[in-house]
Amino acid sequence: MTVAFTFPGQGSQAVGMGKDLADQFPEARAVFAEVDDALGEALSETIFNGPEDKLTLTANAQPALMAVSMAAFRVLEARGLDLKSKVGYVAGHSLGEYSALCAAGTFTLADTARLLRIRGNAMQAAVPVGTGAMAAIIGLEHDDVVAVCDEASAFGACQIANDNGGGQIVISGEKDAIEKAAALATDKGAKRAILLPVSAPFHSSLMAPAADAMREALAGVSMAAPAVPLIANVRAAPITVAAEIAALLVEQVTGQVRWRETVQWFAANGVTTLYEIGSGKVLTGLAKRIDKTVTGVSVNSPADIDAALASLVG
């Protein structure tokens with residue numbers, strides 16, 4: 001299979017995302033209504049109309065981004081796309097992994113919305129505000145960033161959270177350690193080391209309480225094997241067994257999102273086109289920087305859907 005579907009993560013949210021889909025397609029409207037019903041609140045109102053600070057809250061941004069991805073995906077499906085016959089793999093960046101699994105049939109839409117609400121709340125609650133931090137290191141090799149994190153760990157937890165590729169690696173941990181690591185990275189020749197305006201140190205060992213919460217939440221949800229293999233964040237390798245997926249989703253909360261390796265795996269295994277299903281174009285931009293043999297295509301508007309269907313269904 002030469003095609004994979006990818007699903008964006010936190011940071012891709014924007015007020016008004018998905019509204020053109022909901023206005024034009026009944027399948028998209030049905031997704032937003034089902035997510036609202038699952039959460040017992042009108043999240044779609046926040047998605048379409050803001051305010052931005054409410055949408056950006058982790059507990060809202062995570063199910064909101066999934067809802068937009070699934071709205072676009074359900075429209076594609078309703079117009080003739082069969083995932084199993086047309087798409088080789090799915091993958092998602094952090095919370096996007098849940099969107100990928102929903103699209104592949106592992107979780108129901110309602111369960112996915114509830115899981116992401118639990119995940120968002122648990123990640124926010126895991127660490128007192130102000131004690132954790134994240135930083136983007138631009139222009140250093142992976143091994144150099146590992147060395148920086150090892151040295152900075154004398155000041156507290158410090159590890160790679162996202163290996164995004166294209167020379168961008170995000171680190172996460174305790175504030176003192178992250179600030180030290182940023183300084184060390186600059187000394188080692190990083191082009192930039194930027195502290196990020198985030199509310200918690202995601203994908204670090206400090207998220208252990210959130211991992212426990214997700215272990216419990218996932219144990220109470222029925223799961224099916226995905227229709228196509230998932231390239232898992234923490235392995236950058238294909239997974240098809242539902243029980244394994246649950247364990248990896250727990251591990252993902254404190255583990256590294258290996259996105260650079262994921263795109264490299266796609267390139268090495270015959271995938272030439274990555275369709276980014278949902279809000280924004282972050283993953284499309286990263287694909288371009290990671291491997292020039294892979295083409296990224298964003299699918300988040302009615303025109304994008306028409307173009308994707310022309311290529312995928314004909």
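This report describes a four-stranded sheet, a helix with its surroundings, a buried loop residue and the largest pocket of a predicted model.

## Basis of the model

Because the model is predicted, local features need pLDDT of at least 70 and side-chain atom pairs count only at pLDDT 80 or more, whereas totals for chains, interfaces and linings use all residues. Residues are numbered from 1 along each chain as its sequence is written, and side-chain values use heavy atoms, with hydrogens and water left out.

## The open sheet

Four strands form an open sheet in the order β4-β5-β3-β6, with antiparallel pairing (strands are DSSP runs of E of at least two residues, helices are runs of H or I of at least four, and both are numbered from the N terminus; two strands pair if DSSP finds at least two bridges between them). The edges are held by β4 and β6 (192-195), each of which has a single partner strand, so one side of each is left without a neighbour in the sheet. From one strand to the next the twist averages 20°.

Between β4 and β5 the antiparallel pairing extends over six bridges, and N162 has V170 in β5 as its bridge partner. Helix α9 (residues 142-152) lies across β3, β4 and β5 and runs at about 160° to β4 (axes are lines fitted to C-alpha atoms, for helices over the stretch in contact, with angles from 0 to 180 degrees between N-to-C directions).

## Helix α12 and residue A232

In helix α12 (residues 242-254) the buried residues are A242, I245, A246, L248, L249, V250, Q252 and V253, where buried means under 20% relative accessible area with a 1.4 Å probe and protein chains only. Among the elements that cover them are α7 (96-103), α8 (109-125), α11 (208-219), β7 (230-231) and β8 (238-239).

A232 is found in the loop between β7 and β8, and it counts as buried because its relative accessibility is 1%. Leaving aside neighbours within four places in sequence, A232 is in contact with E97, A237, I239, L248 and T262 (contact means heavy atoms within 4.5 Å).

## The largest pocket

The lining of the largest pocket comprises 38 residues, of which Q10, G11, L196, V198 and F202 lie nearest its centre. Elements that each supply at least two lining residues include α5 (58-78), β3 (132-138), β4 (158-165), β5 (168-174) and α14 (282-290), while α8 gives the most, with five residues.

Methods: Buried means under 20% relative accessible area, exposed over 50%, partly exposed in between (1.4 Å probe, protein chains only). On a 1 Å grid over the protein atoms alone, a cavity is a set of points where a 1.4 Å probe fits but cannot get out, and a pocket is an open set with protein on both sides within 12 Å along at least five of seven lines; lining residues have an atom within 4 Å of a point. Grid points are joined across faces, edges and corners, and a volume is the space filled by probe spheres set on the points.
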